[in-house]
Amino acid sequence: MRVVIVGAGGLGGPIALALARAPVELTIVDPDRVELSNLHRQVQFSDADVGAAKATRLAARVGGVGIVGRWTAPDQALAGDLIVDASDDPATKFAIADHAVATRRPYVIASALRYGGNVMVGAPGAACYRCLFEDVPDEVPSCAAAGVLGPVVGVIGGLAAALALRLVANDRRDAGSIYVVDDARVDHAPRVVRFARRAGCTCRSS
Ligand SMILES: [Zn+2]
């Protein structure tokens with residue numbers, strides 16, 4: 001099974017490290033380079049990695065293929081049998097979910113901001129990311145602007161990895177669910193919300 005991880009930062013690091021032990025081929029996509037300010041929440045990198053491309057450095061650590069660039073839907077190298085979003089870009093999350101729905105692939109979308117985050121799991125036939133969030137929000141605070149607590153990405157990244165591993169094992173019980181950690185300073189246990197397919201959602205026609 002080929003797993004594509006989109007993002008090699010705070011979330012992509014723990015996800016890639018956890019999946020490295022699974023019987024999968026990993027491809028890691030990220031356009032950015034390691035900055036000194038990343039190190040406190042991107043435990044996969046050290047001082048020696050500053051200035052290097054995140055995708056290639058992380059891929060080297062986990063025995064995968066690193067692609068320096070942005071994820072784009074039609075690129076076959078970026079398709080994979082399972083796509084795990086660990087980006088901090090809402091437009092990328094929607095594009096990944098749309099692509100996964102259209103090509104009938106399972107997917108995981110992970111997000112972390114400030115003290116909390118969430119992980120959504122999708123698979124053919126289940127409610128999709130757009131059933132829940134409808135469309136790219138006009139304005140969202142980015143991690144760069146709003147910040148994210150270092151340990152939060154570990155909690156959310158670990159959760160995303162555990163849910164991705166279920167999909168690797170062809171266990172789709174989480175499809176159409178979102179796992180939400182409201183405030184990791186208070187409680188690490190996620191709330192699990194199963195949601196229904198939304199009438200009129202684009203996934204209904206695919
Ligand atoms: Zn939908």
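**Exercise 1.** In this predicted model, work out how the donor residues of the zinc ion are spaced in sequence, and then describe the site that they form.

*Solution.* Begin with the sequence, where the donor residues of the zinc ion follow the spacing C-x2-C-x69-C-x1-C. Next, place this pattern on the chain: the zinc ion is coordinated through the SG atoms of Cys 128, Cys 131, Cys 201 and Cys 203, at 2.2 to 2.3 Å. Finally, consider the angles among the four donor atoms, which run from 101 to 119° and belong to a tetrahedral site.

**Exercise 2.** Decide whether Cys 128 is buried or exposed, and do the same for Cys 131.

*Solution.* A residue counts as buried when its relative accessible area is under 20%. Cys 128 has a relative accessible area of 3% and is therefore buried; Cys 131, with a value of 8%, is buried as well.

**Exercise 3.** Find which residues of helix α1 are buried, and what covers them.

*Solution.* Helix α1 spans residues 12-19, and six of its eight residues are buried. These are Gly 12, Gly 13, Pro 14, Ile 15, Ala 16 and Leu 19. Their cover includes the strands β1 (2-6), β2 (25-30) and β4 (82-85), together with the helices α2 (54-62) and α6 (150-168).

**Exercise 4.** Identify which residues touch the most other members of the largest nonpolar core.

*Solution.* This core has 39 residues, and Val 3 and Ile 5 are the ones that touch the most other members. The element that gives the most to this core is α6, with 10 residues. Apart from it lies another core, of 23 residues, which includes Phe 94, Ala 100, Cys 131 and Phe 195.

Terms used: Residues are numbered from 1 along each chain as its sequence is written. This is a predicted model: local features need pLDDT of at least 70, side-chain atom pairs count only at pLDDT 80 or more; totals for chains, interfaces and linings use all residues. Side-chain values use heavy atoms; hydrogens and water are left out. Donors are N, O and S atoms within 2.8 Å of the metal (3.2 Å for Na, K and Ca); water is not among the atoms, so sites may look incomplete. Four donors count as tetrahedral if all angles lie between 85 and 135 degrees; four count as square planar and six as octahedral if opposite donors are over 155 degrees apart and all others between 65 and 115; anything else is irregular. Buried means under 20% relative accessible area, exposed over 50%, partly exposed in between (1.4 Å probe, protein chains only). Helices (H or I, at least four residues) and strands (E, at least two) are DSSP runs, numbered from the N terminus. Contact means heavy atoms within 4.5 Å. A nonpolar core is a set of buried Ala, Val, Leu, Ile, Met, Phe, Trp, Tyr and Cys residues joined through side-chain atoms within 4.5 Å.
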